[in-house]
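Me: Hey, can you walk me through this protein? I'd like to get the basics before looking at any details.

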Amino acid sequence: MSTLPNCPKCESEYTYEDGTFLVCPECAHEWTFNSNMEANDDSKVIKDANGNVLNDGDTVTVIKDLKVKGSSSVLKQGTKVKSIRLVDGDHDIDCKIAGFGAMKLKSEFVKKV
C-alpha cells in the first residue's frame, strides 16, 4: 500500500515521487508535498499583482491599460472595480465595470485598494 496521496487533479492512486515532485502517470500532473497540503484545504488563494490576498467583495484597481476582447475599447489604468467575485479558471475575477458591463479579469493585472 502506497503512502503517497492520490492525484489532486484526476484522483489516480498511481502517483510516484520524482525528486521533490509528486507525479501522476495517468494525467501527467505534477505537484509538491506543500501544494498537496494546500489542495486539501479546498481553498485556492488568489493574490493581486502585489501579493495581497483577494477575497470576494474586495475593491481593486486596474494597474495597466487592458484591451477589451471583442471591442475596440480599452480598460484604462486606475479604473476602480468594486465588489469582485473570485472564480476558478484563467481569468479568476468576475466583476461589473461601469460602461463595460460584466467582465472577467486576471488577478495579475489588479491591485487591492
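Reply: Sure, we'll start with the overall layout and then go on to strands and salt bridges. Keep in mind that this is a predicted model.

Me: Okay, how many helices and strands does the protein have?

Reply: The secondary structure comes to one helix and eleven strands. Going along the sequence, the pattern reads β-β-β-α-β-β-β-β-β-β-β-β.

Me: And what share of the residues is buried?

Reply: Of the 113 residues in the protein, 27% are buried. The protein exposes about 7800 Å², and carbon and sulfur atoms supply 47% of that area.

Me: What about contacts between residues far apart in the sequence, what percentage do they make up?

Reply: Take the contacts with a separation of 6 or more: 37% of them are between residues 24 or more positions apart.

Me: Switching topic, which residues does the UniProt domain annotation cover?

Reply: Residues 3–32, according to the UniProt record, which is an unreviewed entry and labels them "domain: Protein YjdM N-terminal". In the model, that span is 0% helix and 30% strand, and its end C-alpha atoms lie 15 Å apart.

Me: Now the sheet with E8, E9 and E10. Is it parallel or antiparallel?

Reply: The pairing is antiparallel, and the three strands make an open sheet in the order E8-E9-E10. Strand E8 (85–86) and strand E10 (101–105) are the edge strands, each pairing on one side only.

Me: How many bridges are there between E8 and E9?

Reply: Two bridges, with E8 and strand E9 (residues 93–97) running in the antiparallel sense. To give you an actual pair, Arg85 has Asp94 in E9 as its bridge partner.

Me: What else do Arg85 and Asp94 do together?

Reply: They form a salt bridge, with the closest N and O atoms 2.6 Å apart.

Me: Are those two buried or exposed?

Reply: Arg85 is partly exposed, with a relative accessible area of 46%. Asp94 has a relative accessibility of 17%, so it counts as buried, the cut-off being under 20%.

Me: Which other residue does Asp94 meet in a salt bridge?

Reply: Lys104, at 4.0 Å from N to O. That pair links distant parts of the chain, since Asp94 is in strand E9 and Lys104 is in strand E10, ten residues apart. Lys104 is partly exposed, at 47% relative accessible area.

Me: Which residues end up in one network, then?

Reply: Arg85, Asp94 and Lys104 are joined into one network by salt bridges that share partners.

Me: Nice. How many salt bridges does the structure hold?

Reply: Four. One of them is between Lys112 and Asp58, where the closest N and O atoms are 3.4 Å apart.

Me: Why does that pair tie together parts far apart in sequence?

Reply: Because Lys112 lies in strand E11 (residues 110–112), while Asp58 is in the loop between helix H1 (33–40) and strand E4 (60–62), so the parts being tied together are 54 residues apart in sequence.

Me: Last one: how exposed or buried are Lys112 and Asp58?

Reply: Lys112 is partly exposed, with a relative accessible area of 30%. Asp58 counts as buried, at 15% relative accessibility.

Methods. Residues numbered from 1 in each chain as written. Predicted model: local features only at pLDDT ≥ 70, side-chain atom pairs only at ≥ 80, totals over all residues. Heavy atoms only, no water. Pairing = 2+ DSSP bridges. Helix = DSSP H or I, 4+ residues; strand = E, 2+ residues; numbered from the N terminus. Buried < 20%, exposed > 50% of the residue type's maximum accessible area, 1.4 Å probe, protein only. Contact = heavy atoms within 4.5 Å. Areas by Shrake-Rupley, 256 points an atom, 1.4 Å probe, with all protein chains shown as cover. UniProt positions renumbered as here; feature names shortened; annotations may be inferred. Salt bridge = Lys/Arg side-chain N within 4 Å of Asp/Glu carboxyl O.
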